[in-house]
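Student: Please take a close look with me at one part of this model, namely how helices are packed against one another, and then connect that part to the rest. I would like each term explained when it comes up.

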Amino acid sequence: MDTRDMGYVLAVQEHGGIGRAADALGISQPALSKAIQRVEATAGLPLFERSPSGMATTHAGAVFIARARRIQLEFDDAMKEMRGLRGGELGLLRVGSSPSVASDLIVKTCRQLLSERPVARLQLSRRFARDLLEMVANNQLDLAVVPLPPVDLGTFRVQRLFDDRLAVMADEDHPLQKKRNLRLDALVDQQWLLPGSQFAILQQLASAFVSKGLPAPSLRVEVDFGGALTFDLIRGSRLLTLAGTDTAGITDGFRALDIREGELDLRRHVGVVTRAHGYVSPLADRLMVLLSTQSGTPATEASSQQRR
């Protein structure tokens, strides 16, 4: 079995049938069917259950596909490393960042990398941490700068950059801006613009309310983006949102509410993640050093952490 046949199996699982997979791959249905039959003959077990509505993996198929995905990622890494060896530091670097992380950090480091490597190319994505981690795991990104979730990140190599805390932000004319030393119960009747409940940022906020016997925040506007556009949406309104402490340049006309110390702990760690055991190109390695230097983490420490 060659790597093409393995890729064909992954495509059928992804698209749920021979026809759709064949169209996506640009090959004929009979050729794809024969490839699947070859793999099943080699495995000695059926990998798919056929039905008029499509194809679903068997138990053996699910086991095979989990292994095949890992092999595919390793193969892709090997090819990237060979291209790096052949072309030196030339190539494309795919970088993701969370909208709650100050864009100035990403802009400065990427600008310096482009200056140092005139022929390097960058592909930048700005998404929430959950989506970025999935993209790194699936080899759609080389690295991502994200708030680190309070869970085991065993499938990733993590390099911690800095600590900060989120603040509750409101328009400067919001009535709560006139009050000082606010308790959390003063925010109970307020409405919020935040990511959905599946995102850690809302879960963290809701946990703080519930821990004090208060109802979870009322989400009026749910977004799957962040940055300047979120502030444009709530400008002049009574909505509240959360933002990192370093949001200079996008929060003109907004201020953090004065909340009593100890009422709302939104501290977090921000770091850069790559796929555990994945290939780290010279470009990625250099950008990680620049990120560490810019954020105040010793470059020597960062370099050792990323290879653990």
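Tutor: Axes here are lines fitted to C-alpha atoms, for helices over the stretch in contact, and angles run from 0 to 180 degrees between N-to-C directions. The model is a predicted one, in which local features need pLDDT of at least 70 and side-chain atom pairs count only at pLDDT 80 or more, whereas totals for chains, interfaces and linings use all residues. Residues are numbered from 1 along each chain as its sequence is written, and side-chain values use heavy atoms, with hydrogens and water left out.

Let us start with α1, which covers residues 3-15, and α3, which covers residues 29-43; helices (H or I, at least four residues) and strands (E, at least two) are DSSP runs, numbered from the N terminus. The axes of α1 and α3 come within 9 Å and cross at roughly 110°, and α1 and α3 are therefore roughly perpendicular to each other (65 to 115 degrees; under 35 is roughly parallel, over 145 roughly antiparallel, the rest oblique). On the α1 side, Asp5, Tyr8, Val9 and Val12 take part, and they meet Leu32, Ala35, Ile36, Arg38 and Val39 of α3, where a contact means heavy atoms within 4.5 Å.

Two of the residues in that list deserve a longer look. Aspartate 5 and arginine 38 join their side chains in a salt bridge, with N and O 2.8 Å apart (a side-chain nitrogen of Lys or Arg within 4 Å of a carboxyl oxygen of Asp or Glu). Since aspartate 5 belongs to helix α1 and arginine 38 to helix α3, the pair ties together parts that are 33 residues apart in sequence. The two partners can also be described by how much of each is accessible. Aspartate 5 is buried, at a relative accessible area of 6%, while arginine 38, at 43% relative accessibility, counts as partly exposed (buried is under 20% relative accessible area, exposed over 50%, partly exposed in between, with a 1.4 Å probe and protein chains only).

Helix α3 has a second helix packed against it, α2 (residues 18-25), with the axes of α2 and α3 9 Å apart and an angle of about 110°. As a consequence of that angle, α2 and α3 are roughly perpendicular to each other. Here Ile18, Gly19, Ala21, Ala22 and Leu25 of α2 meet Gln29, Leu32, Ser33 and Ile36 of α3. Leu32 and Ile36 of α3 also appear in the list of residues that meet α1.

Now we can set this part within the whole. The protein chain comes to 10 helices and 11 strands, and of its 308 residues, 45% count as buried. Among contacts in the chain with a separation of 6 or more, residues 24 or more positions apart account for 74%.

A search of the whole structure finds 14 salt bridges, one of which links arginine 268 to aspartate 164, with the closest N and O atoms 2.7 Å apart. Because arginine 268 lies in strand β11 (residues 267-275) and aspartate 164 in strand β6 (residues 156-171), this pair ties together parts that are 104 residues apart in sequence. Arginine 268 is buried, with a relative accessible area of 8%, and aspartate 164 also counts as buried, at 15%.

Strand β6 also holds valine 158, which counts as partly exposed at 28% relative accessibility. The C-alpha atom of valine 158 is separated by 6.7 Å from that of threonine 274, although the two residues are 116 residues apart along the chain.

Finally, the largest nonpolar core (buried Ala, Val, Leu, Ile, Met, Phe, Trp, Tyr and Cys residues joined through side-chain atoms within 4.5 Å) has 23 residues, and those touching the most other members are Val168, Leu187, Trp192, Leu242, Leu257 and Leu264. At least two residues of this core come from each of β6, β7 (191-195) and α7 (200-211), and α7 gives the largest share, 5 residues. Leucine 242, not counting residues up to four places away in sequence, touches Leu166, Ala167, Val168, Trp192, Leu194, Ile201, Leu205 and Leu266.
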